[in-house]
Amino acid sequence: HGFDFHIVKENETMSSISQIYGMKLKKLYDRNLMDYGTEPKVGQKLWLRDYKKHSDVIEETPIIEDFDK
C-alpha cells in the first residue's frame with residue numbers, strides 16, 4: 001500500500017520485485033509495457049499501480065443506437 005512505483009536496484013529481477021509488493025509477475029510486466037521475460041535496468045522506474053481505468057472514459061460513454069427516434 002502507498003507505493004506508486006519502484007526504482008530498480010542492483011541484482012533485482014522482475015520476479016523479486018513482484019514478490020516484494022505481493023503482485024503477480026505478469027501484472028508487473030503489463031503495467032510497465034515490458035515483454036514477459038525481459039529484465040529492467042538498474043535505476044529504471046517500474047509502475048506498481050494501474051491507472052488505465054481512471055483515463056479510460058470511453059467505457060462510460062453511452063452508445064445511442066436509436067438516435068432517429
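These are my notebook entries on a predicted model of one protein.

**Entry 1: overall layout**

I began with the secondary structure and found three helices and two strands. Following the chain from its start, I read the order as β-α-α-β-α. I then looked up burial: 20% of the 69 residues count as buried. The accessible surface is about 6000 Å², and carbon and sulfur atoms hold 54% of that surface. For contacts with a separation of 6 or more, I noted that 48% join residues 24 or more positions apart.

**Entry 2: the nonpolar core**

Which residues make up the largest nonpolar core? I listed nine: V8, M14, I17, M23, L28, Y29, M34, L46 and L48. Helices α1 and α2, the latter spanning 25–31, are the elements that give two or more residues to this core.

I followed I17 from that list. Beyond its neighbours within four places in sequence, I17 is in contact with H6, V8, E12, L28, P40 and L46. Of these, V8, L28 and L46 are on the core list too.

**Entry 3: Y29**

I turned next to Y29, another core member, which sits in helix α2. Is Y29 buried or exposed? Its relative accessibility is 3%, so I entered Y29 as buried. Leaving out residues up to four places away in sequence, I found that Y29 touches M14, M34, D35, Y36, G37, T38 and E39. Two of these, M14 and M34, share the core with Y29. For E39 I also looked up the C-alpha distance to Y29: 9.5 Å, with the two positions ten residues apart in sequence terms.

**Entry 4: S18**

S18 is a residue of helix α1. I entered S18 as buried because its relative accessibility is 4%. Setting aside neighbours within four places, the contacts of S18 are M23, K24, L25 and L28. Both M23 and L28 are named in the core. I also checked S18 against L48: the two are 30 residues apart along the chain, and their C-alpha atoms are separated by 8.8 Å.

**Entry 5: E12, a buried charge**

I looked up E12 in the loop between β1 (5–7) and α1 (14–20). E12 is buried, yet I found no salt bridge for it. How far away is the nearest side chain of opposite charge? That side chain belongs to K9, and the distance is 4.2 Å. A salt bridge requires the nitrogen to be within 4 Å of the carboxyl oxygen, so the pair of E12 and K9 is not entered as one.

K9 does come into the picture in another way: the side chain of E12 reaches the backbone nitrogen of K9 at 2.7 Å. Not counting neighbours within four places in sequence, E12 is in contact with H6, I7, I17 and I20. I had already met I17 as a core residue.

**Entry 6: salt bridges**

How many salt bridges are there? The count comes to two.

One joins the side chains of R49 and D4, at 2.9 Å from N to O. R49 belongs to the loop between β2 and α3 (52–55) and D4 to the segment before β1, so this pair ties together parts that are 45 residues apart in sequence. I noted R49 as partly exposed, at 36% relative accessible area. D4 is partly exposed as well, at 31%.

The other joins D30 and K26, whose closest N and O atoms are 2.9 Å apart. These two are four residues apart in helix α2, which means about one helical turn separates them. D30 is partly exposed, with a relative accessible area of 38%. K26 counts as exposed, at 51%.

**Entry 7: positive phi**

Last, I looked at backbone angles. Most residues other than glycine have a negative phi. I made a note of N11, whose phi is positive and near 70°. N11 is in the loop between β1 and α1, and its relative accessibility of 74% makes it exposed. That loop also holds E12, which is buried.

L33 has a positive phi too, near 50°. Where does L33 lie? I placed L33 in the loop between α2 and β2 (45–47). With 76% relative accessibility, L33 counts as exposed.

Terms used. Residues numbered from 1 in each chain as written. Predicted model: local features only at pLDDT ≥ 70, side-chain atom pairs only at ≥ 80, totals over all residues. Heavy atoms only, no water. Buried < 20%, exposed > 50% of the residue type's maximum accessible area, 1.4 Å probe, protein only. Contact = heavy atoms within 4.5 Å. Areas by Shrake-Rupley, 256 points an atom, 1.4 Å probe, with all protein chains shown as cover. Lys, Arg positive; Asp, Glu negative; His and termini not counted. Polar contact = N/O pair within 3.5 Å; in protein donor to acceptor, adjacent residues only side chain to side chain. Core = buried A, V, L, I, M, F, W, Y, C linked by side-chain atoms within 4.5 Å.
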